[in-house]
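This briefing is intended for a reader who is meeting the structure below for the first time. Please keep the structure in view while reading the points that follow.

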Amino acid sequence: VPRSRWLSVSGGISVAYVFVHLLPELEHHQRQIGAEVEFGDRHAYLAALAGLAVFYGLELLAVTSRRTRRREESKDLAGRHVFVLHMAMFALYNAVVAEILVNWDNSWPLFLFTFALAVHFVVVDYGLRDHHKQDYDRVGRYVLAGTFAAGFVGAILVQPPEPVVAVMSAFLVGGIVINVLKEEMPAERESSFLAFAGGLVGYAGLLLIVP
C-alpha cells in the first residue's frame, strides 16, 4: 500500500534520535545501574536488547493473529487478546516517555526531544491502527493518550530511583528502533527511502550542530 512520505520522514527522524542521542546515553545509564548492581557490566545494553525483543515479539504476534483471522474469519485485524497486550505494553512505553520528559536533565534541548518523540508517536499510531482498526480508533488511542498523561502526573508525584529510570530509558531505546524499522522495512509498505533518509540526515545534522 503506498504510504505517506511524511511517515517515512518521521521514521528517519526517530532513528536519528535513537542513534545520535539515545544510544550514546546508554553508557550513562549503565553507570547509574552499575552503581547499584554488583554483578555484570552490560545491564543497560541488555535492557535495550530486551526492549527490541519484546516489541518485535508483539509485532510477530499481531501479524500471526491477523493472518489467522483473515483465513478463518475473513477479518483483517488482530485478535482481542493481542489488542489488550499491545495496549498494555504501549501504555508502559508511553509512561516511560512521560517520565523522561518530566525528569529532563537539560543536557539536550527539550524541544528537540519533544519533536522527535512526537513524530515517533505518529509512526506508532499508524502501525497500531493498521493492526487493530476500529478497536484502536474506538478505545486504543484514548487508552494510550490517557496513560501518557497518567505517566506524566505520576512522574511528578513519585520520583523513581535513578537506576530504575536508567533501565526504563534503555528499554525504550530498543523499542523505538524496532517500532520504526518494522514500519519502514516491509516491501508491501512501499516506503520512500529518500524521505526516510532525508528525515534521518536532516535531524541527525540538527542534533550535531545544536549544543
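**Helix geometry**

Helix H5 has 24 residues, which at 1.5 Å a residue should span 34 Å, and its end C-alpha atoms are indeed 34 Å apart. The model is a predicted one. The points below treat two helices, two loop residues, a group of salt bridges, one buried lysine and a nonpolar surface patch.

**Helices H5 and H1**

- H5 has a kink of about 45°, centred on Gly140.
- Gly140 is also one of the buried residues of H5, and the others are Asp135, Tyr136, Leu144, Gly151 and Ala155.
- For H1, the 30 residues at 1.5 Å each should span 44 Å, and the 42 Å between the end C-alpha atoms agrees with this.
- H1 bends by about 35° at Val18.

**Loop residues with positive phi**

- Most residues other than glycine have a negative phi.
- Ser74 has a phi near 55°, a positive value in a residue other than glycine.
- This serine, Ser74, sits in the loop between helix H2 (43-73) and helix H3 (80-102).
- With a relative accessible area of 69%, Ser74 is exposed, because the cut-off for that class is over 50%.
- Lys133 likewise has a positive phi, near 50°, and is a residue other than glycine.
- The loop that holds Lys133 runs between helix H4 (110-132) and helix H5 (134-157).
- Lys133 is partly exposed, its relative accessible area being 25%.

**Salt bridges**

- Side chains of opposite charge can pair when their charged atoms come close.
- The count of salt bridges in the model comes to 10.
- One of them joins Arg66 and Asp76, whose closest N and O atoms are 3.0 Å apart.
- Arg66 belongs to helix H2 and Asp76 to the loop between H2 and H3, so this pair ties together parts that are 10 residues apart in sequence.
- Arg66 also forms a salt bridge with Asp130, with 3.2 Å between the closest N and O atoms.
- This second pair links distant parts of the chain, since Arg66 is in helix H2 and Asp130 is in helix H4, 64 residues apart.
- Of these partners, Arg66 is buried at 9% relative accessible area, whereas Asp76 is partly exposed at 33% and Asp130 is partly exposed at 23%.
- A further salt bridge brings together the side chains of Asp137 and Arg129, at 2.7 Å from N to O.
- Both ends of that bridge are partly exposed, Asp137 with a relative accessibility of 28% and Arg129 with a relative accessible area of 27%.
- Arg66, Arg70, Asp76, Asp130 and Lys133 are joined into one network by salt bridges that share partners.

**A buried lysine**

- Lys182 is placed in helix H6 (residues 162-184).
- Lys182 is buried because its relative accessible area of 14% falls under 20%.
- The side chain of Lys182 makes a polar contact of 3.3 Å with the side chain of Glu59.

**A nonpolar surface patch**

- Phe19, Val20, Leu206, Leu208 and Ile209 make a nonpolar surface patch of about 500 Å².
- Helix H1 (5-34) and helix H7 (193-209) each supply at least two residues of this patch.
- H7 gives the most to the patch, with three residues.
- Leu208 lies in H7, and at 67% relative accessibility Leu208 counts as exposed.

Methods
Residues are numbered from 1 along each chain as its sequence is written. This is a predicted model: local features need pLDDT of at least 70, side-chain atom pairs count only at pLDDT 80 or more; totals for chains, interfaces and linings use all residues. Side-chain values use heavy atoms; hydrogens and water are left out. Helices (H or I, at least four residues) and strands (E, at least two) are DSSP runs, numbered from the N terminus. Buried means under 20% relative accessible area, exposed over 50%, partly exposed in between (1.4 Å probe, protein chains only). A polar contact is a pair of N or O atoms within 3.5 Å; within protein, one must be able to donate a hydrogen and the other to accept it, and residues adjacent in sequence count only if both atoms are side-chain atoms. Patches are made of residues with over 30% relative accessible area and no salt bridge: like charges are joined within 9 Å, nonpolar side chains (Val, Leu, Ile, Met, Phe, Trp, Tyr) within 5 Å. Accessible areas come from the Shrake-Rupley method with a 1.4 Å probe; for residues, only the protein chains shown count as cover. A salt bridge is a side-chain nitrogen of Lys or Arg within 4 Å of a carboxyl oxygen of Asp or Glu. The expected span of a helix is 1.5 Å times one less than its number of residues. The bend at a residue is the angle between axes fitted to the seven residues ending there and the seven starting there.
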